[in-house]
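Reader: Could you take one part of this protein and walk me through it closely? I'd like to see how that part sits in the whole.

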Amino acid sequence: MTSFHQFHLNLLKLGYNNLIKQPPFSRSEDDYSAEADELLALFQETITLYQEHAAEAFDLGQVLMTRLVRNYPQLTQLLARDLLWLFGGDCIHYLADEEISDFQALDEARYIKEAQNEAYDYLELRNVMIGEVQNPQTH
């Protein structure tokens, strides 16, 4: 597993763990929602597929992220912006132009390193180029 893949897998797991602590995902009887359960199942499936390097993970990830942003905008701060870039497609609409430019430059630097077979740590490269990942906090 590359450091790029591991980085994003960790962000997915962190996002999931942050969400399950918040209503309506916390699964308390007062907050129960079939829609929330369905979304958590989609999140778990996305994590599993991404972990297995399955191509479907990206389509599923787009569906997951857009549903989260549209249906639970108050909880989007619990997810790393990197995931919107990773899954692309409609998710890009939720990124600011400056964020898109930053992620494009980061991808270009990563591609150059990979083309030259240069060893690198994705998190370190990201921190240098964009800054440290803002740790999404729970309320």
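Author: Let's start just past the end of H6, where Gly-131 takes a positive phi of about 115°. This is a predicted model, by the way. Step back from that glycine and you're in H6 itself, which covers residues 122-129. At its N-terminal end the helix is capped by Asp-121, with a side-chain oxygen 3.2 Å from the backbone nitrogen of Leu-123.

Now for the sides of the helix. Tyr-122, Leu-125 and Arg-126 are the buried ones. Look down the axis of H6 and these buried residues fall within an arc of 100°, so they line one face of the helix. Flip to the face turned away from that buried side and you'll find Glu-124 and Val-128, both exposed.

What does the buried side of H6 pack against? Its partners are three helices: H1 (3-19), H4 (81-87) and H5 (97-115).

Zooming out, the protein has six helices and zero strands, so to speak an α-α-α-α-α-α run from the N terminus on. Of the contacts with a separation of 6 or more, 60% are between residues 24 or more positions apart. Buried residues make up 42% of the 139 in the protein. The C-alpha trace spans about 55 × 30 × 25 Å along its principal axes. As for the radius of gyration, a compact globule with 139 residues would come out near 14 Å, and the protein's 16 Å agrees with that. On the outside, the protein exposes about 7,700 Å², with carbon and sulfur atoms supplying 48% of it.

Key: Residues numbered from 1 in each chain as written. Predicted model: local features only at pLDDT ≥ 70, side-chain atom pairs only at ≥ 80, totals over all residues. Heavy atoms only, no water. Buried < 20%, exposed > 50% of the residue type's maximum accessible area, 1.4 Å probe, protein only. Helix = DSSP H or I, 4+ residues; strand = E, 2+ residues; numbered from the N terminus. Arc of directions from axis to C-beta. Contact = heavy atoms within 4.5 Å. Polar contact = N/O pair within 3.5 Å; in protein donor to acceptor, adjacent residues only side chain to side chain. Rg over C-alpha atoms; globule rule 2.2 N^0.38 Å. Areas by Shrake-Rupley, 256 points an atom, 1.4 Å probe, with all protein chains shown as cover.
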